[in-house]
Structures are given as structure tokens and as C-alpha cells.
Amino acid sequence: MKITLLGTGTSTGIPTIGVNKESCFSDDPRDNRLRSSILVEFKNKNIVVDCGPDFRQQMLRTNTTKVDAILFTHEHADHTAGLDDVRPISFKHGKIPIYAHERVIRNLKKRFDYLFDKKNDYPGSPHIYPKIIKNKKFNIEEIEILPITYMHHKLQVYGFRINNFAYVTDLKIITEKEFNKLKDLDVLILNSLRHNEHYSHINLSQALNHIEELKPKMAYLTHIAPDMGLHSETEKILPNSVFLGYDGLEIIIED
Ligand SMILES: [Zn+2]
Ligand SMILES: [Zn+2]
């Protein structure tokens, strides 16, 4: 399985418009962060988790021309606003299934009504079809996916586990039962917004506490805000086997 971090920034990306933090002016390409998303390449399938406003750029810079499925964690714009840009992919390879909570599908139908309008099917629209997921295992052909449900302030969000890999973003509160689904991982990607407390995201110390308890072989932090500071400074204070993610990072997990 190969995982590519397509974006590792918080909702505003880094640099952020009008923000004068050091990370926004850094020459280190690792400080340049598009909105959070990953590509999972496994069993000849390309699965993208979230499709934010930088989706087009993310596909171009990783040279990804085919997407077999999109999984949505939740409906916030930084995770969904790029949905229209699946057009050239669906023109070439056909309809793309989008997997999400029923609430998220309803929200997308409101915001992107033309994408779901079968009657007035405009030929230039992207071709997608919804697949509602619940908090139980589902399959994309041979790939088994286990959702993990948790809270992001008052909003429910899904994380996803595939074998010994899990992607958890926009987490604030998780029950013990759901947390236990994240045990025995080779790789965990977890959100970690900044150093200070935040109402809807865990911060760095809370992320490190979760990692300490779960003990994945390796952990990567994502959904990073400008106040986290420079990549090169933050990585110095991380424990062994915990890394700050950056855009374009590729992680290989042996089957
Ligand atoms: Zn987000
Ligand atoms: Zn969010």
C-alpha cells in the first residue's frame, strides 16, 4: 500500500491570506501546505480521502489521472470544495463513487445539486454517484475499509482504517470504543492543528498523547495551522517515530 499526503494544511492552507507567521514566508517547501487530503494506492485502486479546494492542483502535481473512489470524512469546505474538479477524471474513466455519511451526501447534494441531477444531466458535469456509509466495515472491491467515528466540536466525522493504516483528521473527541479501532497500526496519520488548545481540533500535545497510548509503528501529523511554526523547528521536538507530515510525502506499507 502506498499513501501520498496530497495536502497537510488546515482549512486556510499555508501560507494563509493575510497571516504574518514565519511559516507563511518560509522557503522550505515543507511549510507550503495545501488543504488536507491523501491518496491511497492499494490493490490497483486509487482511493482519495477528501476532495478539498486544492484537489485539481494535488492531482496535477502527483500526476494522478485516475481515481476509483473518493471517501469523505465530513462536509467542511476544506474537505469537499474541489468536487467539481473530478470532471476530467470522470470523463476519461467513468463515474466515480463517493463514500460518505448520509448527512454529508445530503449536504453535497445541496451544494453541488447539478452533480446529482439525473433529469437534466448536463454532459459537462462530473459523473459521480453516492454511496452512503455507516459506522461499519465496507468494501471497495477487495479493499476492506473500517470507519472510525468521532467528534469535531459538534460535528460527527469519519476516519478510515485500511489494514494496518489509519487516517484520522479533524478529530477533537473520540470514545474509547472507537479509539480502540486504532490499535496495532503500522501507520497512523492524525490531525494536530497547533500548540495551543482549539475547540474543534486536537493540538500537538493531545495528538502526541493519543499516539503514545496507541503506539503505532509510525505516526504522521497533518491538518497543520500556521501557528505550528516552521517544519524544521517542530520536527525537532517530536518523539521517535512521530513525524510532521508534508505535502508530497509518500509512505509505503508492506502488505
Ligand atoms: Zn478540516
Ligand atoms: Zn472540519
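## Briefing: a mixed sheet and a zinc site

In this predicted model, an open sheet is built from 7 strands in the order β7-β8-β9-β10-β11-β12-β13, and their pairing is mixed. Its edges are taken by β7 (138-140) and β13 (242-244), each of which has a single partner strand, so one side of each is left without a neighbour in the sheet. Apart from the sheet, the points below take up the zinc ion (ligand 2), which is coordinated by three histidines and one aspartate, namely His-74, His-76, His-152 and Asp-170, and the surroundings of Thr-73, a residue in the loop between β4 and α2.

**The sheet and its helix**

- Averaged over the sheet and with direction ignored, neighbouring strands are turned by 25° against each other.
- Within the sheet, strand β9 (residues 155-162) pairs with β10 in the antiparallel sense, and 3 bridges connect the two; Phe-160 has Tyr-167, in β10, as its bridge partner.
- Helix α7 (residues 204-214) lies across β11 (187-191), β12 (218-222) and β13, and the helix runs at about 155° to β11.

**The zinc site**

- The atoms that coordinate the zinc ion (ligand 2) are NE2 of His-74, ND1 of His-76, NE2 of His-152 and OD of Asp-170, at distances of 2.2 to 2.4 Å.
- Along the chain, the donors of the zinc ion (ligand 2) follow the spacing H-x1-H-x75-H-x17-D.
- The angles among the 4 donor atoms of the zinc ion (ligand 2) span 89 to 176°, and the site is irregular; it does not count as tetrahedral because that would require all angles to lie between 85 and 135 degrees.
- A separation of 3.3 Å is found between the zinc ion (ligand 2) and the zinc ion (ligand 1), and Asp-170 coordinates both.
- His-74 belongs to the loop between β4 (69-71) and α2 (77-80), whereas Asp-170 belongs to the loop between β10 (165-168) and α6 (176-179), so this pair ties together parts that are 96 residues apart in sequence.
- Both His-74 and Asp-170 are buried.

**The surroundings of Thr-73**

- Thr-73, which is placed in the loop between β4 and α2, has a relative accessible area of 1% and is therefore buried.
- The side chain of Thr-73 is joined to the side chain of Asp-50 by a polar contact of 2.7 Å.
- Leaving aside residues up to four places away in sequence, Thr-73 touches Val-49, Asp-50, His-79, Val-157, Tyr-158, Phe-160, Tyr-167 and Thr-169; among these residues are Phe-160 and Tyr-167, the bridge partners named above.

Note on methods
Residues numbered from 1 in each chain as written. Chains lettered and ligands numbered in written order. Predicted model: local features only at pLDDT ≥ 70, side-chain atom pairs only at ≥ 80, totals over all residues. Heavy atoms only, no water. Donors = N, O, S within 2.8 Å, 3.2 Å for Na, K, Ca; no water. Tetrahedral: all angles 85-135°; square planar, octahedral: opposite > 155°, others 65-115°. Helix = DSSP H or I, 4+ residues; strand = E, 2+ residues; numbered from the N terminus. Buried < 20%, exposed > 50% of the residue type's maximum accessible area, 1.4 Å probe, protein only. Pairing = 2+ DSSP bridges. Axes fitted to C-alpha atoms, helices over the stretch in contact; angles between N-to-C directions. Contact = heavy atoms within 4.5 Å. Polar contact = N/O pair within 3.5 Å; in protein donor to acceptor, adjacent residues only side chain to side chain.
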